[in-house]
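Got the viewer open? Here's a short tour, with something to select at each stop.

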Amino acid sequence: MSSKKFSANWPGLIEAYKDWLPVTSKTPVITLQEGATPLIPLKSIEEIIGRNVKVYAKYDGLNPTGSFKDRGMTMAISKAKENECKAVICASTGNTSASAAAYARRANMRAFVLIPDGYVAQGKLAQALVYGAEVLAIKGNFDRALDIVQEIAANYPVTLVNSVNPYRLQGQKTAAFEIIETLGEAPDWLCIPMGNAGNISAYWMGFVEYYKANKSTILPKMMGFQASGSAPLVLEKRVNNPETIATAIRIGNPVNKEKAFNVKKESKGKFLDVSDKEIIKSYNLLGKNEGIFCEPASAASIAGLLKCKKEIPNAATVVCVLTGNGLKDPDCAIKNNEASFFSDLEPDLESIVKKMEL
Ligand code: F0G
């Protein structure tokens, strides 16, 4: 691990990994110092699995706008700026819109975001608004929004910053580099939630590049998880009306499906679906036992790991990607927790102490 990369002066991932990214000295780097997120041991999950299996969370919810999208967006927006673009557009279940807005405004560009009305978590919508995006909420789902923005970007002077933009995946692959640098080796398994399947493709690209450069000696099995009501990559067919509590991955027609199927094949990985109930169980487990608050979509990586725990080899190292921060979706948190909450208490010492049952 290089001390420069993980110091308080971390310059952001483009500067840190410029030799691995399609940038030149002329690229104007638009950064919020994203990347260098922690790899946190998950002791309670290790205890459930046993057999000396090591489990870590790559907590990408600690990026500047609270999700892994910032890794891709620093690249996409820097390249858009280099190409003198004045406006960007994306379709989003929320996180892409927050990230696109933050980086675009930092680069003094307009940011248009198309979202499925009523299906974007409050925190994400709040971010897009505060970052100064021009929000277009449609009476349709993410898949429809993506069709529309692709059409607009093909015909008008706006740059598309969804994960079909190749610079997005280039930026996102750096998470795999960081994991290898921290562990000194690639993990045996990488568990990751899938929506549009850009991130799983980006991680694989990163693992393969470091492997080819002799920075690791193994390649991980890529374990991709989807919510049961939105699992086109598991079913291997389009889902017309995707539904799940994990709105971030409420996607029925993933634009990177071919890439994802290749990743599964090349890595000898597996795609599985997990129910909303399993997702929420893992979401609460992470909060209560590990002190980690992620968003529901991210908890799919833990739910998936627990679902196939019998298949993990003894003493294997597993990394689960926590793609987004729990603060993104406060409504889900308030409605789905196992905490005690006593209200209407008299403001006196005696009644409070009584409630505490010490
Ligand atoms: N986790 C979170 C928190 C996400 O926001 C997303 C995607 C994913 C996982 C899945 O990643 O699409 O690369 O497979 N969110 C997109 C958005 C669709 O618009 O914010 P993927």
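Which side chain has an N or O atom 2.9 Å from a nitrogen atom of the ligand? Select Lys69: an N or O atom in its side chain is the one at 2.9 Å from that ligand nitrogen. Keep in mind that this is a predicted model.

**Stop 1: around the ligand**

Stay with the ligand and show the residues around it, 20 in number. Ser92, Asn196, Ala197, Asn199 and Thr323 come nearest. Now pick out Asn95, where a polar side-chain atom sits 2.8 Å from an oxygen atom of the ligand. Then click on Ala197; here a polar backbone atom is 2.7 Å from a ligand oxygen.

**Stop 2: H3 against H4**

Lys69 and Asn95 lead straight to the next pair of helices, since you'll meet both again in the contact between H3 and H4. Select residues 69-82 for H3 and look at how it packs on H4: the angle is about 40° and the axes are 9 Å apart. H3 and H4 are therefore oblique to each other, and H3 passes H4 in a right-handed crossing. For the contact itself, show Lys69, Asp70, Met73, Thr74 and Ile77 on the H3 side. On the H4 side, add Asn95, Thr96, Ser99, Ala100, Tyr103 and Ala104. Colour them by class and you get five nonpolar, four polar and two charged residues.

**Stop 3: H4 against H5**

Keep H4 (residues 95-106) on screen and add H5 (residues 122-130). Their axes come within 8 Å and cross at roughly 20°. Why call this pair roughly parallel? The crossing angle is under 35 degrees, which makes H4 roughly parallel to H5. The crossing of H4 past H5 is left-handed. Show Asn95, Ser97, Ala98 and Ala101 from H4, then Lys124, Gln127 and Ala128 from H5, and you have the residues that meet. By class, that's three nonpolar, three polar and one charged. Asn95 turns up here too, having already shown its polar contact with the ligand.

**Stop 4: H8 against H9**

For the last stop, select residues 174-183 for H8 and residues 198-212 for H9. How do their axes cross? They come within 7 Å at a crossing angle of roughly 50°, so H8 is oblique to H9. Check the handedness while you're there: this crossing is right-handed. From H8, show Ala175, Ala176, Phe177, Ile179, Ile180 and Glu181. Facing them in H9 are Tyr203, Gly206, Phe207, Glu209 and Tyr210. Colour this contact by class as well, and it comes to eight nonpolar, one polar and two charged residues.

Notes: Residues are numbered from 1 along each chain as its sequence is written. This is a predicted model: local features need pLDDT of at least 70, side-chain atom pairs count only at pLDDT 80 or more; totals for chains, interfaces and linings use all residues. Side-chain values use heavy atoms; hydrogens and water are left out. Axes are lines fitted to C-alpha atoms, for helices over the stretch in contact, and angles run from 0 to 180 degrees between N-to-C directions. Helices (H or I, at least four residues) and strands (E, at least two) are DSSP runs, numbered from the N terminus. Angles under 35 degrees count as roughly parallel, over 145 as roughly antiparallel, 65 to 115 as roughly perpendicular and the rest as oblique. A crossing is left-handed if the near helix is turned anticlockwise from the far one by less than a right angle, and right-handed if clockwise. Contact means heavy atoms within 4.5 Å. Ala, Val, Leu, Ile, Met, Phe, Trp, Tyr, Cys and Pro count as nonpolar, Asp, Glu, Lys and Arg as charged, and the others, Gly among them, as polar. A residue is near a molecule or strand if one of its heavy atoms lies within 4 Å of it. A polar contact is a pair of N or O atoms within 3.5 Å; within protein, one must be able to donate a hydrogen and the other to accept it, and residues adjacent in sequence count only if both atoms are side-chain atoms.
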